[in-house]
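Visitor: I'd like to go through this one with you and hear the reasoning behind the labels. Can we put it up on the screen?

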Amino acid sequence: MTIELLDSTGVADAAQPCVRKTIAAPATDVLGRIANLETRLARTAAEIDAAQAVRYRVFVEEMKAQVAPEAERRKRDIDGWDAICDHLLVLDTSIEGDPEEQIVGTYRLLRQEVAERAGGFYSASEFAIDELLARHPGKRFMELGRSCVLPEYRTKRTVELLWQGNWAYALRHGVDAMFGCGSFPGVVPEEHALALSFLHHNIRTKDEWAVSARPELHRTMDLMPSEAINPKKALAALPPLIKGYMRLGAMVGDGAVVDHAFRTTDVLIVLPISNISGRYLNYYGADAGRFSSSVS
């Protein structure tokens, strides 16, 4: 089973040789289960295609993102990183039919060694992550991206399973730090002044972990003085994904970036494994250790 590497328009780049990736499913590859939900990596090109269809439903039909004509015709959210990433899935096994019909959530995982061979990280188009990576030559980074869950499954249970899968995968590959874009809806950062300012004043990356939006795209997050911020209201205004990472010990880079195609305001989440609090390591650790050896 092979997959073509597509360019950012969602169609194969005729000027470049196509990179192909073979997906082989291990004998046992489930990374976590809660009741009827399970998380694992995509096993086939058909499952990746189904995950892209879920992304299309969330990003395009729900959030009104703009995609290339070919992606629109196919009703898929596609870009050039899909063929080099691993695709984490959450499946509802109570749904009758093939696994492709059971996919209710997805995440895209890109390890540093894979990104370096294939042209870099997705986040580098918005954030100056090369400087961050250069400061940590002995650490292994992993990018998390394209996170989405169908509306009826946006529960704590599903988010926990996505994190379980990320954590097991990170353990298996010896990852030292994760990063990725966290998004606020809309293209006007000022509409999120309370939440962005709270992040800026309280969990901004510093020192060896400092990272900023690319200068030409940088939008300030410092929209309110710290003394004017009500922390309880600010936390309530955070998107669930960003709030979840913050609880784990994540930091946020300096500056937001407006993504006009996806109609979002993005911040960079940085999560060193060493920052994750003990209670979360205890909560996820046993299952992650049990399942991580089966990740391919």
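Visitor: Which residue follows helix 8, and what is the sign of its phi?

Guide: Gly249 comes right after helix 8, and its phi is positive, near 115°. Before we go on: this is a predicted model, where local features need pLDDT of at least 70, side-chain atom pairs count only at pLDDT 80 or more, and totals for chains, interfaces and linings use all residues. Residues are numbered from 1 along each chain as its sequence is written, and side-chain values use heavy atoms, with hydrogens and water left out.

Visitor: What makes a stretch a helix or a strand here?

Guide: Both are DSSP runs, numbered from the N terminus: H or I over at least four residues for a helix, E over at least two for a strand. On that count the protein chain has nine helices and eleven strands.

Visitor: Why is Gln66 called exposed?

Guide: Exposed means over 50% relative accessible area, buried means under 20%, and partly exposed is in between (1.4 Å probe, protein chains only). Gln66 has 55%, so exposed it is. You'll find Gln66 in the loop between helix 1 (45-62) and helix 2 (69-74). The C-alpha atoms of Gln66 and Phe262 are separated by 6.2 Å, although their positions lie 196 residues apart along the chain.

Visitor: And why does Arg263 count as partly exposed?

Guide: Its relative accessibility is 43%, so Arg263 falls between the two cut-offs. Arg263 sits in the loop between strand 10 (257-259) and strand 11 (264-272), and its phi is positive, near 60°, in a residue other than glycine.

Visitor: What about Lys64: why exposed?

Guide: Lys64 comes in at 52%, which is over 50%, so the label is exposed. Lys64 is also in the loop between helix 1 and helix 2, with a positive phi near 65°.

Visitor: What makes a set of residues a nonpolar core?

Guide: The members must be buried Ala, Val, Leu, Ile, Met, Phe, Trp, Tyr or Cys, joined through side-chain atoms within 4.5 Å. The largest such core has 59 residues, and Met178, Leu199, Tyr245 and Val267 have the most contacts inside it. Helix 1 supplies the largest share of this core, eight residues. A second, separate core of 20 residues includes Cys85, Phe127, Phe141 and Met251.

Visitor: Which residues is Leu199 in contact with?

Guide: Contact means heavy atoms within 4.5 Å. Leaving aside neighbours within four places in sequence, the partners of Leu199 include Phe184, Met221, Ile242 and Met246. Ile242 and Met246 are among the buried residues of helix 8 (residues 240-248).
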